[in-house]
Amino acid sequence: MSVSHPVRPLARAGRRLGLAGAVALTATLALAAPAAAHAEVEADRPQALAENVTLTFVSEAESPSAGFREVRVVLPEGIAPAAVTLGKAPKGWKFTATEDGYTLAGPALETGVDAEYSVKVRQLPDAEELAFKTVETYDDGEISRWIELPADGKEAEQPAPLLKLKAAAPGATPVEASPTPSETAGSPSAAAPATPSPKPSSKSSSKSSSESSSADKNSGTSTGLLAGGAVAALLVLGGGAWWFLRRRAAGTSED
């Protein structure tokens with residue numbers, strides 16, 4: 001007696017499971033698609049303390065109705081805005097340094113076109129990873145903020161562009177930071193050095209004071225002598241006149 005196996009029902013069940021899995025995968029990818037758009041950064045020399053490094057940034061377009069018109073970046077600690085210069089950028093876009101980073105803005109790009117540009121950094125800091133927080137603005141006013149950092153082992157929903165660095169080369173040292181224009185204008189070396197007037201020493205000051213005091217005393221003594229001499233002369237003249245008048249009066253009375 002032959003035993004029949006339910007091959008066809010099993011095959012149909014397998015096809016149903018496969019179809020359901022494909023639908024679920026498609027739905028998952030569809031839901032994840034909007035979150036796939038993000039900002040990225042790459043370096044031609046991703047190494048700590050590397051000098052004159054070119055960083056290339058890409059902001060993926062995710063708006064269905066508007067294009068990018070501005071990208072703002074907050075630089076990580078160890079990179080000063082004055083140490084960053086523009087490399088390549090979309091046509092008509094201008095680079096402007098800010099207190100904590102820079103902005104790059106210009107005519108709006110076409111819808112769906114990624115914003116790609118590059119900057120040159122004088123030197124990367126001595127770090128293992130650098131985060132470049134990025135804020136993107138579309139022509140219709142929509143803003144995307146890619147500024148979050150991973151925390152507690154969890155991936156961020158709006159991750160900031162991260163650049164992992166290799167260890168610094170042997171003997172590499174930080175270069176001296178270039179002063180900003182405001183620092184240069186306010187520094188003492190920017191103005192013509194004033195010639196300081198020589199300050200008298202304590203000895204010369206005390207000598208000058210003693211000489212001045214002595215001169216005052218001598219002046220007072222001379223003045224006193226002159227005054228005394230004048231009084232004595234007046235007394236002598238007065239006494240002589242009195243004696244002369246008295247003799248004359250006596251002579252007149254004898255006659």
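Throughout this tour, a residue is called buried under 20% relative accessible area, exposed over 50%, and partly exposed in between. The model on display is predicted.

**The whole chain**

Begin with the entire protein in cartoon view. Three helices and 11 strands are present. Followed from the N terminus, the elements run α-β-β-β-β-β-β-β-β-β-β-β-α-α. A surface representation covers about 18,100 Å² of accessible area, and 58% of that area belongs to carbon and sulfur atoms. Of the 255 residues, 20% count as buried. Among the contacts with a separation of 6 or more, 68% join residues 24 or more positions apart.

**The nonpolar core**

Next, select Leu55, Phe57, Ile79, Tyr102, Tyr117, Phe132 and Leu163, and show their side chains. These are the residues with the most contacts inside the largest nonpolar core, which has 27 residues. Colouring the strands E1, E2, E3, E6 (101–105) and E7 (115–123) shows the elements that each supply at least two residues of this core. Strand E7 gives the largest share, four residues.

Keep Leu163 selected and display its surroundings. Leaving out residues up to four places away in sequence, Leu163 touches Val41, Glu42, Ala43, Pro46, Leu55, Glu128, Glu129, Leu130 and Phe132. One of these partners, Pro46, is the subject of the next stop.

**The loop between E1 and E2**

Select Pro46, which is placed in the loop between E1 and E2. Is Pro46 buried or partly exposed? Its relative accessibility is 25%, so Pro46 counts as partly exposed. Apart from neighbours within four places in sequence, Pro46 is in contact with Leu163, Lys164, Leu165 and Lys166. Draw a distance between the C-alpha atoms of Pro46 and Lys166: the value is 6.3 Å, although the two residues are 120 residues apart along the chain.

Leu49 lies in the loop between E1 and E2 as well. With a relative accessible area of 9%, Leu49 is buried. Its backbone merits inspection: phi is near 65°, a positive value in a residue other than glycine.

Move on to Asn52, in strand E2. Asn52 is not a glycine, yet its phi is positive, at about 50°. Asn52 has a relative accessibility of 47% and therefore counts as partly exposed.

**Ser118 and Gly87**

Now select Ser118, which is found in strand E7. Because its relative accessibility is 9%, Ser118 counts as buried. Which residues does Ser118 touch, not counting those up to four places away in sequence? They are Thr54, Leu55, Thr56, Leu86, Gly87 and Lys88. Leu55 has already appeared among the residues with the most contacts inside the core.

From Ser118, step to Gly87, in the loop between strand E4 (84–86) and strand E5 (94–97). The relative accessible area of Gly87 is 48%, so this glycine is partly exposed. Outside its neighbours within four places in sequence, Gly87 is in contact with Ser118 and Val119. A second distance may be drawn here, between the C-alpha atoms of Gly87 and Thr56: these are separated by 8.9 Å and lie 31 residues apart along the chain.

**The cavity**

The last stop concerns enclosed empty space. Rolling a probe the size of a water molecule over the atoms shows where empty space is left. A search of the whole structure finds one cavity of 30 Å³ or more, and the largest cavity has a volume of about 30 Å³.

To locate the largest cavity, select its lining residues: Ala39, Glu40, Phe57, Val58, Ser59, Val71, Val73, Tyr117, Thr134 and Pro161. By class, this lining has seven nonpolar, two polar and one charged residues. Which strands each supply at least two residues of the lining? They are strand E1 (39–43), strand E2 (51–59) and strand E3 (68–74). Strand E2 provides the largest share, three residues.

Finally, display the core residues together with the cavity lining. Phe57 and Tyr117 are among the residues with the most contacts inside the core, and Phe57 and Tyr117 also line the largest cavity.

Key. Residues are numbered from 1 along each chain as its sequence is written. This is a predicted model: local features need pLDDT of at least 70, side-chain atom pairs count only at pLDDT 80 or more; totals for chains, interfaces and linings use all residues. Side-chain values use heavy atoms; hydrogens and water are left out. On a 1 Å grid over the protein atoms alone, a cavity is a set of points where a 1.4 Å probe fits but cannot get out, and a pocket is an open set with protein on both sides within 12 Å along at least five of seven lines; lining residues have an atom within 4 Å of a point. Grid points are joined across faces, edges and corners, and a volume is the space filled by probe spheres set on the points. Ala, Val, Leu, Ile, Met, Phe, Trp, Tyr, Cys and Pro count as nonpolar, Asp, Glu, Lys and Arg as charged, and the others, Gly among them, as polar. Buried means under 20% relative accessible area, exposed over 50%, partly exposed in between (1.4 Å probe, protein chains only). Contact means heavy atoms within 4.5 Å. Accessible areas come from the Shrake-Rupley method with a 1.4 Å probe; for residues, only the protein chains shown count as cover. A nonpolar core is a set of buried Ala, Val, Leu, Ile, Met, Phe, Trp, Tyr and Cys residues joined through side-chain atoms within 4.5 Å.
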